[in-house]
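Grab a pencil and open the viewer. Below are a few exercises on how helices and strands pack, each with a solution worked step by step.

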Amino acid sequence: MEAAPPETLIALIRQVDPAVNPAEIVPGLPDLPAVDVTRWGLPPEQTLSTSLSRRIPVVSAAVAAARAGDHRPAVDLLTRSAGDWALRSVAVHALGEAAADDDTWVRSWRAVTGEYDPHLAVLDAHALFWLAWKLRGNKPGAATRADQHDAFHETVVRAETAARRATELAPNDPTPWCTLVTLARAQGYDPIAFAAIWKELQARDPLHRTGHEFALMYLSPEGNGSYEHLFAFAERAAAASPSLAFLVVQVAYDLEDHDERVWQDPRVRRALDVLLTWLGSATGGRGVHANSDRSWAAYGLVSSGRGAEAVPLFAQLGTDAAGRPWEDFGDNAATVFDSYRRRACAATT
Amino acid sequence: MKLLARTVTWVVLVSVVPLGMLVLIVGLVGFNVWAFTESPVTAVKIAIGVVPTVLVLGRGLWVLAARIDHPVHGVPVREHEQPELWALVRRLAEVAGTAPPDDIHLVAQANAAVREDTRLLGLIATRRHLFIGAPLVAELTSAQFAAVLTHELAHYSNRDTRFAGIAYRSRRAFVHTLGTINRDDLLQRGLHFLLRHTGGVTLRASTRLSRRQESAADEAAAVAVGSAATVAAFRELAPIAESWDVFVNNHLVVGWDAGYLPADAFSGYRRLCAALHDELAGLRADPPAESDPYDTHPPLAQRIAAIEALAAPGTVRVPAGNALGLLRDPLPLLDAALLDGLVPEAHGKRRVDWPTLVRVGGVAALTGNTDQVLATAARLTGRPPRLRTLLDALDAGRLGEFAPDPAGQPDSPRVRAERARLYVHKGLFGAVVATLTDAGAIRWQESWPSVGRMVLDQRFRASLRGLVDAAVASPPNTTALRALLDAAAPPHGRREHRGTAAGNQDPRADGPAQGGQAPWPVGDGLHGGRPA
């Protein structure tokens, strides 16, 4: 049989599903489209950054100083962020990763303030969460050695203990409760135990973004379970605030491996509209989570066949290919980001 | 009479597809033969189409008519060796109104079953096997055991209707045939389609028949041994299944990786059942519904109520006491059944009593990487691979040099240090436990229902884990651990541990990265082995 030319194959695939990337269907096809994104004013692929801490200058400065061994900017940032829980959760997440890689700066900080500093306790707990994942590695379960699984579970237990301690030292702070939410799936909490943690987080920050994001991961069914309760959870949150509308896109993203048609679901379409309006507003377009919202919106728009609407979002993201959903693709994060950009640009022609 | 009609309907429906195929084959061949007498040339042309069709149909018929022989497993129980059991089974079959089995096998499963080898979608039976689960023999009374056997045998009884037995047989064979049809083959897929659609109707139509048969089997059991024993037996089945599962996955294999099995497994099983008795009270009081793909059983609670309402006194005399009493020299037989249910390597294991097994299994589970860690310490210091060499290496601040190879990308400094700490902690803890066990300062005890427990001599008021934590902390502190070791196992007195691990495997099955249940509660740090 004569091989069909790539253009014919691509056209065929487009007929069946206009949103899909042909390279994912037929290996060897150009990771379409072969467009030069710089013509749309987007930065070239080589300049993309997957570093989470670069997003917010004050956070990236603190992380850079910490990695160089200076704890003071980090301490300043954590002290200042008390009350600004959105900034604090971003800061703790980024500094936690730095501390999991090298805790020299944490030890010098501890030497100054002692064991009972609430900011230190909050950071310690989240750093242990990062450490657990780094000990495990990001390979699938079957490709992970028994000692890596053991190290993960032992360290998750330590992270939980540390987070509980942090909730006592920083009683008003939702951040350690958010850390507990992030551990929920690994720890296999039952619904009652999870609800208790969730209640504490909600009492301190009812719209806590990272908490909602990880709660969704905890609630996500294994395998082919039903996603209806996930949609219900995400839609309730989105109804409470447009800042949580991205959750509906996240549900669709979870579900797409089982059901590609989810991107045509009216609930997803509505959520994308809400997200776009929110990003166009002064609050939504400037917050610490703005780029995270843009990433989810861009991913969802391209997947729903509304790529043209994603181009301005990619323009605003610039070189920032960090965070979810891209980071879920591990080493391919930047490549996936770039392929979604190309599909967005191609949709304008 | 309605029941009889349904039974006949079932038999007819099940035979309709094979019969139709047979008629088609005969018709096609007959037509071709007739055509041959009329015009041989035309007949040859017709045969070009007919022959492949007949072949294909014949093959399909062969698939349906093929024998279903159950793989016979377990340990055969021969009549001349166990006349009492056989006599009881014959008597129970008689009361149930059916033929006795052709053979009896003892198996390592927590249930009993009668299976028949059949031909032609179960319409013809050739050989009847009775499989008896060893755990039932160990835990049920003779009367309860007899009730379970009568129930199973009574499925094949013809007492209710002329066709009840044949219908039960057909239903099993039907589902079996559906399951074995090769779905890649186009013709077989067609057959599957036909059977599923005709069969789906009949399977649903036969639900009531199935339920009625279940009740009839219950009734037969009650008539044979009495309502009380039958109800008691039904209440025990779920607890036995649960405790057997726990036993096989945890206790039985606790010394597996070290090369050991219990010498008297069933005494351990019975102690586990006794220890779990209260915990399983819920299962006993409210038995879960059985899930059997062939039958739609009425809820067990409803069945129990019906059996109790019969208030049958029982007609078969069954000896009082445990079902073990029905067997001559039962323990070797149960043990053989148990080994039969394990992988062949089981025969090569050393058989030891439970206290020894708990000790050997416990130490082996904790020393999975101890030899590796001691060898690394020896390599780093140029001294013998001993516990005190390891402590010296830690005191010298060389913990970081123990880090096992990272998987894939190189680890960052803290991750690398933490990996080393966890790795050495595990090996050191194992070495300490092994040394203290050898010195008699740690004793291992059976502690049913847990797998076992280790107890540090009361002279030493210390938390082993805390001491090991301190030894691998940053900075390290081995003073307290050394003091304990010096007091309990002086370096020049008793032999110091040099590693007892059987190979360098981790004895646990790989777990999921996330979630999962907590392990079965066991002694301090001791965990179960790999399931057999």
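**Exercise 1: two helices in chain A**

Task: work out which residues of H11(A) and H12(A) meet, and how the two helices are arranged.

Solution.
- Step 1. On the H11(A) side, look for His212(A), Ala215(A), Leu216(A) and Leu219(A); they meet His229(A), Leu230(A), Phe233(A) and Ala237(A) of H12(A).
- Step 2. Sort these residues by class: the contact of H11(A) with H12(A) has six nonpolar, two polar and no charged residues.
- Step 3. Bear in mind that this is a predicted model. In it, the axes of H11 (residues 209-219) and H12 (residues 228-240) of chain A come within 10 Å and cross at roughly 165 degrees.
- Step 4. Angles over 145 degrees count as roughly antiparallel, so H11(A) is roughly antiparallel to H12(A).
- Step 5. Finish with the handedness: H11(A) passes H12(A) in a right-handed crossing.

**Exercise 2: a sheet in chain B**

Task: find which strands stand at the edges of the four-stranded sheet in chain B, and say what that leaves them without.

Solution.
- Step 1. Write down the strand order, S1-S2-S4-S3 in chain B; the sheet is open and its pairing is mixed.
- Step 2. Read off the edges: S1 (75-76) and S3 (112-119) of chain B each have a single partner strand, so one side of each has no neighbour in the sheet.
- Step 3. Zoom in on S1(B). Two bridges join S1(B) to S2 (residues 103-107) of chain B, and the two strands run antiparallel.
- Step 4. Pick out a bridge: Pro76(B) has His105(B) in S2(B) as its partner.
- Step 5. Now add the helices. H3 (residues 83-96) of chain B lies across S2 and S4 (124-133) of chain B, at about 115 degrees to S2(B). H5 (residues 142-154) of chain B packs on the sheet too, touching S3 and S4 of chain B, and its direction makes about 20 degrees with that of S3(B).

**Exercise 3: another helix pair**

Task: decide how H9(B) is oriented relative to H10(B).

Solution.
- Step 1. Start from the angle: the axes of H9 (residues 227-251) and H10 (residues 265-276) of chain B come within 10 Å and cross at roughly 125 degrees.
- Step 2. That angle makes H9(B) oblique to H10(B).
- Step 3. The crossing of H9(B) past H10(B) is right-handed.
- Step 4. Check who touches whom: residues in the contact include Trp244(B) and Phe247(B) of H9(B), and Phe266(B) and Tyr269(B) of H10(B).
- Step 5. Class by class, the contact of H9(B) with H10(B) has 10 nonpolar, three polar and no charged residues.

Terms used: Residues numbered from 1 in each chain as written. Chains lettered and ligands numbered in written order. Predicted model: local features only at pLDDT ≥ 70, side-chain atom pairs only at ≥ 80, totals over all residues. Heavy atoms only, no water. Axes fitted to C-alpha atoms, helices over the stretch in contact; angles between N-to-C directions. Parallel < 35°, antiparallel > 145°, perpendicular 65-115°, else oblique. Left-handed = near helix turned anticlockwise from the far one by under 90°. Contact = heavy atoms within 4.5 Å. Nonpolar A, V, L, I, M, F, W, Y, C, P; charged D, E, K, R; others polar. Pairing = 2+ DSSP bridges.
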